[in-house]
Amino acid sequence: MRTLDVVIILIFLVGMPLLGVLIGGKQKSGNDYFVSDKGIKWWVVCLSVVSAETSTLTVLSVPTISYLAKPEAGGMTYLTLALGYIVGRIVVAFILLPKYVAGDLVTAYAFLGKRFGNGMQATTSATFQITRLLADAIRLFATAIPIKLVLKAYGIDASYWAIIIVLGIALVFYTSMGGVRAVVWVDAIQMLWYLLGAVAVIWVLTDRLPDGWFDKAVDANKFQIFDFSSNWLTATYAFLPAFFGGAVFAMASHGTDQLIVQRLMSTRNVRAGQKALIASGVVVFFQFALFLFIGAMLSAFYNNATPTAPKDKGGLGLGANDELFGNFIVTEMPSGLSGFVIAGILAAALSSSLGALASASVTDIWEKVVKRPLTDQERLRMGRIWTMIWAGLTIIVAGAFAQFNAKTSDPIVIQALGIASYTYGALLGAFLLGLIIKKARQADAVVAFLVTVVVMAYVILGVKFVGTVPLDPKAPLPPWDHIEWFNFSKADAKKNVNSLVSWWNVPLGVIITLAVGGLMSLRHKDDEPETEEATAAKAT
């Protein structure tokens, strides 16, 4: 690591929090702190949404997908998923988002509170807070890894705990001082930064690739988008699960996750929020296309060498496939540009969700505990307090990941975070239950939500699709031939033991929630269930 690169990275790490405070300005009220008095331009929110859903691991791993893709599968099938994301965003923009804005809500879960009651609002909000804490902790840990490597190159043996604490303080500094306005603007700037870094990588690679590389990449199907031949239950990017599952996943992630909803509700009106949301899907599509194109270029640059194979056997000698992109940046990029790109990758990890967690804690939980609406100044004060509480918890959990896991790719970490994301089906199902089934009451919704979480945990961990393994290790694996319903061992593609592809988890979760909640609602006669608040009002 060269001195100029380190200087650029340090300027970024120090400058971004300071810029956030400067942009955020003085927060005058709780409404200003949580949704910026709904005054942020739609295009800024659009970029912020993209930044919030993009992690360092995503930026580093997407080029690897294209690099490793086999000709029969296609190198850009990941874009099928992105097309589904656009469809899901359109549904949210015209069905859920208007209800949030029309209700003048601070969190998405307040909609469930109005529809079902405080119990359902608290249940779903608490679920969001727990899963978001886990996701943010691993994101913070992942950011600390390259920083530790840079410091080590200069003889500074900093612990993960020390790095995580410093990063956590930086996040809480600009979030608590600048509110959602600071978070959104810093997100937007960081998103542009890492995209410019990707463009810089393409510019460097263009002059270093052999003649005819593009035609060879086309012949190897590196630019094929759709995969109609792979098994649609177990193949990751087969068309049906990637497109349909991606659409439903986006409905959940962008319609029920406060991390995204908070940003959308900071726009000026419904139309602005709709433009921000739909446009973010288009930006994500081209963002993924950009990084997949880099993967195809790296394939030509390294002549399709196996990333993890030893160098004396024609490989690159890397510890993991996902180190491919990072290895090129560090070893092949010119001084200055390397630091710029690394800073951009760090930017993808530093999007703050502390404000979203604080807003959910204050409006969905704390106000229900004190049994009265808080004043604007009380919301502002409690918002900052909860921002600091969540920052402390995130630092502790991230430090725990660092303590007990040598790598971010440790199966225990990935499995834990995967299970956390599977609550999306129950969350989206709860919202649709409230919209579609008029007879459903709070008890129906809570039971359906909890049953779905339990059933999905069983499906994810215990159901395996198993096939035979040919004697010839070079022969392609045949399709699975039977299902094992109680196999809680780890899935292993090399042994032809596969789990249900993850893109089916959210649709399946939605179906279970609607089925359970719908069946339970049949015991009610009227179509106008009263929330706890309405019942209390009648009593007084």
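# A guided tour of the helices and their contacts

Begin by selecting phenylalanine 431, a residue that is buried, with a relative accessible area of 0%. Please bear in mind throughout that the structure on the screen is a predicted model.

**Stop 1: aromatic pairs**

How many aromatic pairs does a search of the whole structure find? The search returns 29. One of them joins phenylalanine 431 to tyrosine 100, so select tyrosine 100 as well: the two rings are arranged edge-to-face, at 6.2 Å centre to centre and with 80 degrees between the planes. The pair ties together parts that are 331 residues apart in sequence, because tyrosine 100 belongs to helix α6 (residues 97–102) and phenylalanine 431 to helix α19 (residues 424–436). Tyrosine 100 has a relative accessibility of 1% and therefore counts as buried.

Next, select tyrosine 458 and phenylalanine 486, whose aromatic pair is tilted, with 5.8 Å centre to centre and 45 degrees between the planes. Tyrosine 458 is part of helix α20, whereas phenylalanine 486 sits in the loop between β2 (482–484) and β3 (497–498), so this pair ties together parts that are 28 residues apart in sequence. Is each partner buried or exposed? Tyrosine 458 counts as partly exposed, at 27% relative accessibility. Phenylalanine 486 is exposed, with a relative accessible area of 66%.

To complete this stop, display Tyr85, Phe249, Tyr424 and Trp503 together; these residues form one aromatic cluster.

**Stop 2: helix α5**

Tyr85 leads to helix α5, in which it is among the buried residues. Select residues 78–95 to show the whole helix. The helix has 18 residues and should span 26 Å at 1.5 Å a residue; the distance between its end C-alpha atoms is 27 Å, which agrees. Many positions of α5 can be coloured as buried, including Tyr78, Leu81, Gly84, Ile86, Arg89, Val92 and Ala93.

Keep Ala93 on display and add glutamine 274, which is found in helix α13 (residues 270–301). Which residues does glutamine 274 touch, leaving aside those up to four places away in sequence? They are Ala93, Phe94, Leu97 and Pro98. Glutamine 274 has a relative accessible area of 13% and is therefore buried.

**Stop 3: salt bridges**

Now turn to charged side chains. The whole structure contains eight salt bridges according to the search.

Select aspartate 136 and arginine 132, whose side chains meet in a salt bridge of 3.5 Å, N to O. Both residues lie in helix α8 (residues 118–153), where they are four residues apart, about one turn of the helix. Adding Asp257 to the view reveals a network of salt bridges that links Arg132, Asp136 and Asp257. Why does aspartate 136 count as buried? The reason is its relative accessibility of 9%, which falls under the 20% limit for a buried residue. Arginine 132 is buried too, with a relative accessible area of 12%.

Move on to arginine 379 and glutamate 367, whose side chains form a salt bridge at 2.9 Å, N to O. Arginine 379 is located in helix α17 (residues 376–404) and glutamate 367 in helix α16 (residues 354–370), so the bridge ties together parts that are 12 residues apart in sequence. Arginine 379 and glutamate 367 are both buried.

The next pair to select is aspartate 444 and arginine 523, a salt bridge in which the closest N and O atoms are 2.7 Å apart. Here aspartate 444 is in helix α20 (residues 442–462) and arginine 523 in the loop between α21 (505–521) and α22 (532–539), so parts that are 79 residues apart in sequence are tied together. The two partners may be contrasted: aspartate 444 counts as buried at 0% relative accessibility, while arginine 523 is exposed, with a relative accessible area of 52%.

**Stop 4: a nonpolar patch on the surface**

Finally, switch to a surface view and select Trp161, Ile165, Ile169, Ile385, Ile389, Leu393 and Ile396. Together these residues form a nonpolar patch on the surface, with about 570 Å² of accessible area. Which helices each supply at least two residues of the patch? They are α9 (160–206) and α17. Isoleucine 169, for example, is found in helix α9. Helix α17 provides the largest share of the patch, namely four residues.

Terms used. Residues are numbered from 1 along each chain as its sequence is written. This is a predicted model: local features need pLDDT of at least 70, side-chain atom pairs count only at pLDDT 80 or more; totals for chains, interfaces and linings use all residues. Side-chain values use heavy atoms; hydrogens and water are left out. A salt bridge is a side-chain nitrogen of Lys or Arg within 4 Å of a carboxyl oxygen of Asp or Glu. Buried means under 20% relative accessible area, exposed over 50%, partly exposed in between (1.4 Å probe, protein chains only). The expected span of a helix is 1.5 Å times one less than its number of residues. Rings of Phe, Tyr and Trp (its six-membered ring) pair if their centres lie within 6.5 Å; planes under 30 degrees apart count as stacked, over 60 as edge-to-face and the rest as tilted. Patches are made of residues with over 30% relative accessible area and no salt bridge: like charges are joined within 9 Å, nonpolar side chains (Val, Leu, Ile, Met, Phe, Trp, Tyr) within 5 Å. Accessible areas come from the Shrake-Rupley method with a 1.4 Å probe; for residues, only the protein chains shown count as cover. Contact means heavy atoms within 4.5 Å.
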